[in-house]
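Q: Hi! I've just opened this one and would love a quick tour. Could you walk me through it?
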Amino acid sequence: MNTSRMPALFLGHGSPMNALEENRYTLAWRTLGETLPRPKAIVAVSAHWYTRGTAVTAMEKPKTIHDFGGFPQALFDTRYPAPGSPELAAQLQQLLAPIEVTADVSEWGLDHGTWGVLIKMYPDADIPIVQLSIDGTKPAEYHYQLGRKLAALREQGVMIVASGNVVHNLRMVKWQGDTTPYPWAESFDKFVRDNLNYQGDNHPLVNFMQHQGAALSNPTPEHYLPLLYVLGSWDGEEAISVPVDGIEMGALSMLSVQVG
């Protein structure tokens with residue numbers, strides 16, 4: 001086993017309020033930050049930068065993006081002033097070639113899918129971060145293959161932190177009262193857990209829409225796809241573990257996955 005290789009993480013980020021609150025999910029993220037090897041830099045993949053084509057943040061000081069509404073002012077006042085890394089962004093462009101990766105020097109920054117979890121893992125905001133967008137025009141296999149290319153960065157002290165939710169159906173969430181998970185949500189969450197270590201062709205988690213609960217669990221795919229970047233970076237031998245899991249409000253999986 002390569003002890004110098006950085007782990008890769010998929011974190012179920014849930015509500016933006018997790019950035020302000022303390023609960024068992026945020027405790028798990030904090031524990032990861034305290035116990036894992038410290039990365040030189042982080043490549044973040046968030047459900048909330050869903051684009052046509054692929055882009056990477058390439059500015060020195062990425063802004064904190066508050067891409068949500070209806071939350072307390074304290075959340076909008078929160079900043080995560082981590083530095084960017086134009087050098088790492090340029091390296092990513094080379095690594096992912098021949099795919100064209102646009103260097104974004106002004107438009108985006110760190111959205112809440114990224115800073116909402118990293119503010120718990122690394123509260124000092126002192127690790128350089130670049131964020132890679134998710135090309136919404138591409139099939140699941142494409143994102144899995146990008147993860148395979150990103151694996152090389154893990155050998156260089158770079159941590160991959162992907163953020164989404166493997167079950168994410170806001171139309172079906174139970175805001176109050178009985179928040180028991182829907183059977184289809186539990187079934188799909190278990191399907192993901194059961195197949196994390198799959199080896200071979202036709203990965204069931206790449207072909208996830210074949211699961212009978214997939215359409216309800218993911219009416220749109222952007223919160224699921226970040227998981228595939230992390231699974232793609234797996235070497236087939238490293239341990240894969242689940243730091244925390246749970247289904248909130250009936251239809252929101254908080255599953256987190258650690259590779260390595």
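A: Happy to! Let's start with a helix pair: H1, residues 24–35, packs with H4 at an angle of about 60°, their axes 7 Å apart. Keep in mind that this is a predicted model.

Q: What does that angle make H1 relative to H4?
A: Oblique: about 60° falls outside the 65 to 115 degrees counted as roughly perpendicular and is not under 35 degrees, the limit for roughly parallel, so H1 is oblique to H4.

Q: And which hand does the crossing have?
A: H1 passes H4 in a right-handed crossing.

Q: Which residues meet there?
A: From H1 you have Thr-26, Trp-29, Arg-30, Leu-32 and Gly-33, and from H4 Gly-116, Val-117, Lys-120 and Met-121. By type, the residues of this contact divide into 4 nonpolar, 3 polar and 2 charged.

Q: Lys-120 caught my eye. Is it buried or exposed?
A: Lys-120 has a relative accessible area of 4%. Buried means under 20%, so Lys-120 counts as buried. Its place is in helix H4, which covers residues 112–121.

Q: What is the side chain of Lys-120 doing in there, in terms of polar contacts with side chains?
A: Its side chain and that of Glu-22 are joined by a polar contact of 3.0 Å. A polar atom of the Lys-120 side chain also lies 2.8 Å from the backbone oxygen of Glu-21.

Q: Which other residues is Lys-120 in contact with?
A: Leaving aside neighbours within four places in sequence, its contacts include Asn-18, Ala-19, Leu-20, Thr-26, Trp-29 and Arg-30.

Q: New topic: where is the cis peptide bond?
A: Go to the bond from Ala-97 to Pro-98, which is cis with omega near 10°. Pro-98 is found in the loop between helix H3 (86–95) and strand E5 (101–104). For background, most peptide bonds are trans, and most residues other than glycine have a negative phi.

Q: Then which residue other than glycine has a positive phi?
A: Ala-125 is one of them, with phi near 50°. Asn-202 is another non-glycine with a positive phi, about 55°.

Q: Where do Ala-125 and Asn-202 lie?
A: Ala-125 is in the loop between H4 and strand E7 (129–135). Asn-202 lies in the loop between helix H6 (183–194) and helix H7 (214–217).

Q: Buried or exposed, for Ala-125 and Asn-202?
A: Ala-125 has a relative accessible area of 8%, so it is buried. Asn-202, at 65%, is exposed, since the cut-off for that is over 50%.

Q: Back to helices. How do H3 and H5 cross?
A: Their axes come within 10 Å and cross at roughly 135°, with H5 spanning residues 140–154. H3 and H5 are therefore oblique to each other, and H3 passes H5 in a right-handed crossing. The contact is made by Leu-88, Gln-91, Leu-92 and Leu-95 of H3 with Lys-149, Leu-150, Ala-152 and Leu-153 of H5. These residues divide into 6 nonpolar, 1 polar and 1 charged.

Q: One last stop: Tyr-144. What does it touch?
A: Tyr-144 lies in helix H5. Not counting residues up to four places away in sequence, Tyr-144 touches His-203, Val-206, Leu-228, Leu-231 and Gly-232. At 13% relative accessibility, Tyr-144 counts as buried.

Q: And how far apart are Tyr-144 and Ala-58?
A: They are 86 residues apart in sequence and 23 Å apart in space, going from C-alpha to C-alpha.

Notes
Residues are numbered from 1 along each chain as its sequence is written. This is a predicted model: local features need pLDDT of at least 70, side-chain atom pairs count only at pLDDT 80 or more; totals for chains, interfaces and linings use all residues. Side-chain values use heavy atoms; hydrogens and water are left out. Helices (H or I, at least four residues) and strands (E, at least two) are DSSP runs, numbered from the N terminus. Buried means under 20% relative accessible area, exposed over 50%, partly exposed in between (1.4 Å probe, protein chains only). A polar contact is a pair of N or O atoms within 3.5 Å; within protein, one must be able to donate a hydrogen and the other to accept it, and residues adjacent in sequence count only if both atoms are side-chain atoms. Contact means heavy atoms within 4.5 Å. Axes are lines fitted to C-alpha atoms, for helices over the stretch in contact, and angles run from 0 to 180 degrees between N-to-C directions. Angles under 35 degrees count as roughly parallel, over 145 as roughly antiparallel, 65 to 115 as roughly perpendicular and the rest as oblique. A crossing is left-handed if the near helix is turned anticlockwise from the far one by less than a right angle, and right-handed if clockwise. Ala, Val, Leu, Ile, Met, Phe, Trp, Tyr, Cys and Pro count as nonpolar, Asp, Glu, Lys and Arg as charged, and the others, Gly among them, as polar.
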